[in-house]
Amino acid sequence: MAKSKWVWHTDHTMQKKEFWKQFENQPTIVLLQGDITQEDTDAVVNTTTRTFEMAGGVDKAITRAAGPGMKEACAQYGSMETSQVIITERFNLASQYIIHTVGPVYGKEGGKEAELLAACYKNCLWMADQYNIRTISFPVISTGIYGYPMDEATRVMARSIGGYFFDPANMNSTIEEVHCVVFTEDKYQIVDEVFEELFNRNDAWSQQASFCSTLRLISC
Ligand code: ADP
């Protein structure tokens with residue numbers, strides 16, 4: 001089994017940690033603090049609204065960086081449901097593609113928040129695989145104007161991403177690296193602590209157990 005530990009990287013703009021592959025078909029999960037519009041991964045995930053009207057900070061930043069063509073391209077789809085995804089070209093972003101999804105509004109989804117949030121991550125990864133994408137950057141979906149508590153949302157994110165690659169249906173995924181991009185220092189600290197707890201176990205058994213509980217949660 002490959003080593004599994006967080007590795008600190010210092011680049012000029014960001015704090016960055018990597019969680020190395022544990023299993024052959026697992027990608028590297030990278031935790032970053034920074035602005036998602038600066039990512040040069042193959043795809044960047046945008047959190048939008050069901051009618052593609054301007055949403056929170058991520059949508060504003062990506063729309064500003066991508067240019068007006070992005071909203072026009074989204075508008076052609078009319079609308080989409082919570083957790084669904086569409087993909088557009090990158091417009092002026094460095095990434096090749098933008099994958100747009102709608103996160104659940106915390107406390108407004110009749111108790112289905114976690115399920116809907118998990119589906120956002122799963123559907124984004126599925127869409128990325130349809131386009132043979134190797135690297136993808138996520139914000140922590142629903143933790144801005146949609147009000148999801150950071151700790152809870154991070155657990156769903158980690159388990160959803162881990163669970164996707166553990167699913168035999170996704171054995172042939174082309175994704176090699178998943179970036180979780182957190183904007184602010186205080187939110188980054190929360191994600192870091194949760195990732196340490198969920199991923200940075202020293203023994204193989206607890207890693208296996210952690211990913212298996214991921215799978216159980218996903219399949220509920
Ligand atoms: P949502 O509607 O899903 O709640 P928001 O865009 O309001 O979406 O926020 C989602 C998360 O992304 C929040 O934690 C917010 O702090 C963070 N965020 C805001 N701007 C950026 C950015 N430029 N890059 C990365 N994350 C960002």
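Helices and strands here are DSSP runs, numbered from the N terminus. With that convention, the predicted model can be read from one end to the other: the elements of the protein chain follow the order β-β-β-β-α-α-β-β-α-β-α-β-α-α. The secondary structure comes to six helices and eight strands. The protein chain has 220 residues, of which 52% count as buried. Among contacts with a separation of 6 or more, 63% join residues 24 or more positions apart. Two pairs of helices, and then a few single residues, help to fill in this picture.

A good place to start is helix α3, which covers residues 113-130. This helix has 18 residues and reaches 26 Å from its first C-alpha to its last, close to the 26 Å expected at 1.5 Å a residue. Its buried residues are Glu-113, Leu-116, Leu-117, Ala-118, Cys-120, Tyr-121, Cys-124, Leu-125, Met-127, Ala-128 and Asp-129. A useful reminder when reading such a list is that an α-helix has 3.6 residues a turn, so residues three or four places apart point the same way. The cover over the buried residues of α3 includes the strands β4 (43-47), β5 (85-89), β6 (97-101), β7 (135-138) and β8 (177-182), together with helix α4. After α3 comes Asn-132, whose phi is positive, near 55°.

How is α3 placed against α4? Helix α4 spans residues 150-166, and the two helices pack at an angle of about 40°, with their axes 9 Å apart. That angle makes α3 oblique to α4, and the crossing of the two is right-handed. On the α3 side, the residues that meet α4 are Ala-114, Leu-117, Ala-118, Tyr-121, Lys-122, Leu-125, Trp-126 and Asp-129. Their partners in α4 are Ala-153, Val-156, Met-157, Ser-160, Ile-161, Tyr-164 and Phe-165. Sorted by class, this contact has twelve nonpolar, one polar and two charged residues.

Helix α4 deserves a look of its own. At 1.5 Å a residue, its 17 residues should span 24 Å, and its end C-alpha atoms are indeed 24 Å apart. The helix is mostly covered, with 13 of its 17 residues buried.

Besides α3, helix α4 also packs with helix α5, which holds residues 185-199. The axes of α4 and α5 come within 9 Å and cross at roughly 45°, which makes α4 oblique to α5. Here, too, the crossing is right-handed. From α4, the contact uses Met-150, Asp-151, Thr-154, Arg-155, Met-157, Ala-158 and Arg-159. From α5, it uses Lys-187, Ile-190, Val-191, Val-194, Phe-195, Glu-197, Leu-198 and Phe-199. By class, these residues divide into nine nonpolar, one polar and five charged. Met-157 of α4 takes part in the contact with α3 and in the contact with α5.

Val-191 gives a closer view of this second contact. This residue lies in helix α5 and counts as buried because its relative accessibility is 0%, below the 20% cut-off. Leaving out residues up to four places away in sequence, Val-191 touches Leu-31, Val-140, Met-150, Thr-154, Met-157 and Val-182. Val-191 and Glu-152 are 39 residues apart in sequence and 9.8 Å apart in space, C-alpha to C-alpha.

Ser-79 sits in another setting, in the loop between α2 (69-75) and β5. With a relative accessible area of 46%, Ser-79 is partly exposed. Apart from its neighbours within four places in sequence, Ser-79 is in contact with Arg-50, Thr-51 and Phe-52. Ser-79 and Thr-51 are 28 residues apart in sequence, while their C-alpha atoms are 4.5 Å apart in space.

Finally, the backbone holds some details to look for. Most residues other than glycine have a negative phi. Phe-91, although not a glycine, has a positive phi of about 55°. This residue lies in the loop between β5 and β6 and counts as partly exposed, at 23% relative accessibility. Ser-142 is not a glycine either, and its phi is positive at about 75°. Its place is the loop between β7 and α4, where Ser-142 counts as buried, at 6% relative accessibility.

Methods
Residues are numbered from 1 along each chain as its sequence is written. This is a predicted model: local features need pLDDT of at least 70, side-chain atom pairs count only at pLDDT 80 or more; totals for chains, interfaces and linings use all residues. Side-chain values use heavy atoms; hydrogens and water are left out. Axes are lines fitted to C-alpha atoms, for helices over the stretch in contact, and angles run from 0 to 180 degrees between N-to-C directions. Helices (H or I, at least four residues) and strands (E, at least two) are DSSP runs, numbered from the N terminus. Angles under 35 degrees count as roughly parallel, over 145 as roughly antiparallel, 65 to 115 as roughly perpendicular and the rest as oblique. A crossing is left-handed if the near helix is turned anticlockwise from the far one by less than a right angle, and right-handed if clockwise. Contact means heavy atoms within 4.5 Å. Ala, Val, Leu, Ile, Met, Phe, Trp, Tyr, Cys and Pro count as nonpolar, Asp, Glu, Lys and Arg as charged, and the others, Gly among them, as polar. The expected span of a helix is 1.5 Å times one less than its number of residues. Buried means under 20% relative accessible area, exposed over 50%, partly exposed in between (1.4 Å probe, protein chains only).
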